[in-house]
Amino acid sequence: MFDHEDTTDPTTSSPRSRLYDYVDVPEPAPRGAARGQREFAALLGEFRRTAVLVPLDRETESPLTADFGGVRWIYAFSDEGALARFAVARGEGAREWVYQRWLGARLLDAAVPAVEVPCGVALDCADGEDGMLFPPVRGVVPDAVAVDVDGGAGDVR
């Protein structure tokens, strides 16, 4: 049977199909890996634009680092409270901590390449799930020092 209901769009005065009602269906929210990539990209952008606290090694006065999993990690903290939690977790809460404020972009684009070994940034590492790692991969650090890029050809490994 045919339905002869008036399907004229009042804004254009032209006939309108019932299928037209489904054209503007909102796109579903991203799931899985795509959603995770978008969330990481947003966090990375925020980190790059933010000044963070970088504690200095007492002997060398260079950024404090640790080696884990074949990567050197530069410690960075979002505020003094996060740095204090780190100091207490290390059993060094009573000593004075010297630090500098660095823009996240400066850490990733200048400090990481200067290390000359695979290097990333560990943000608020004493805060469990609230901490964040920025690994030495394409899109986070310069391609010349990214571990997932072939240094000679610039191809993704």
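Where does Pro 135 sit? In this predicted model, Pro 135 lies in the segment after β8. That spot makes a handy way into the structure, and the account below comes back to Pro 135 once the general layout is in place.

Taken as a whole, the protein contains 3 helices and 8 strands. Walking along the sequence, these elements come in the order β-β-α-β-β-β-α-β-α-β-β. The protein has 157 residues, and 27% of them count as buried. Its exposed surface comes to about 10,700 Å², with carbon and sulfur atoms supplying 54% of that area. Looking just at contacts with a separation of 6 or more, 54% come from residues 24 or more positions apart.

A good element to zoom in on is α3, which covers residues 104-115. This helix has 12 residues, and the stretch from its first C-alpha to its last reaches 16 Å, close to the 16 Å expected at 1.5 Å a residue. Which residues of α3 are buried? They are Gly 104, Ala 105, Leu 107, Leu 108, Ala 111 and Val 112. The spacing of such positions is easier to follow with one rule in mind: an α-helix has 3.6 residues a turn, so residues three or four places apart point the same way. In α3, Leu 108 and Val 112 are both on the buried list, and so are Leu 107 and Ala 111. The buried residues of α3 have plenty of partners to pack against: the helix α1 (32-49), plus the strands β3 (51-55), β5 (71-76), β6 (99-103), β7 (119-123) and β8 (132-134). Right after α3 comes Glu 116, whose phi is positive, near 70°.

The meeting of α1 and α3 deserves its own look. Their axes are 4 Å apart, and the two helices pack at an angle of about 95°. An angle from 65 to 115 degrees counts as roughly perpendicular, and therefore α1 and α3 are roughly perpendicular to each other. The residues in this contact divide into 5 nonpolar, 1 polar and 2 charged. On the α1 side, the residues involved are Leu 44, Phe 47 and Arg 48. Across from them, α3 brings in Gly 104, Ala 105, Leu 107, Leu 108 and Asp 109.

Back to Pro 135, then. With 26% relative accessibility, Pro 135 counts as partly exposed. Setting aside residues up to four places away in sequence, Pro 135 touches Phe 40, Trp 73, Gly 120, Val 140 and Val 141. Pro 118 is 17 residues away along the chain, yet the C-alpha atoms of Pro 135 and Pro 118 are separated by 8.8 Å.

One of those partners, Trp 73, belongs to strand β5. Is Trp 73 buried or exposed? Its relative accessibility is 12%, and buried means under 20%, so Trp 73 counts as buried. Beyond its neighbours within four places in sequence, Trp 73 has a long guest list: Leu 64, Thr 65, Ala 66, Phe 68, Gly 120, Val 121, Ala 122, Leu 133, Phe 134, Pro 135 and Pro 136. Pro 63 and Trp 73 are 10 residues apart in sequence, and their C-alpha atoms are 9.8 Å apart in space.

Over in helix α2 (residues 80-89) sits Glu 80. Sequence neighbours within four places aside, Glu 80 is in contact with Leu 53 and Tyr 99. Tyr 99 is 19 residues from Glu 80 along the chain, with 9.8 Å between their C-alpha atoms.

The loops hold a few surprises too. Most residues other than glycine have a negative phi. Glu 61 goes the other way, with a positive phi of about 60° even though it is not a glycine. Glu 61 is in the loop between β3 and β4 (65-68), and is exposed, with a relative accessible area of 61%. Asp 124 also has a positive phi, near 50°, but this residue is in the loop between β7 and β8. At 7% relative accessibility, Asp 124 counts as buried. That loop between β7 and β8 also holds Asp 127, which is buried with a relative accessible area of 18%. Apart from neighbours within four places in sequence, Asp 127 is in contact with Ala 82 and Arg 85.

Technical notes: Residues numbered from 1 in each chain as written. Predicted model: local features only at pLDDT ≥ 70, side-chain atom pairs only at ≥ 80, totals over all residues. Heavy atoms only, no water. Expected span 1.5 Å × (residues − 1). Buried < 20%, exposed > 50% of the residue type's maximum accessible area, 1.4 Å probe, protein only. Contact = heavy atoms within 4.5 Å. Areas by Shrake-Rupley, 256 points an atom, 1.4 Å probe, with all protein chains shown as cover. Axes fitted to C-alpha atoms, helices over the stretch in contact; angles between N-to-C directions. Parallel < 35°, antiparallel > 145°, perpendicular 65-115°, else oblique. Nonpolar A, V, L, I, M, F, W, Y, C, P; charged D, E, K, R; others polar.
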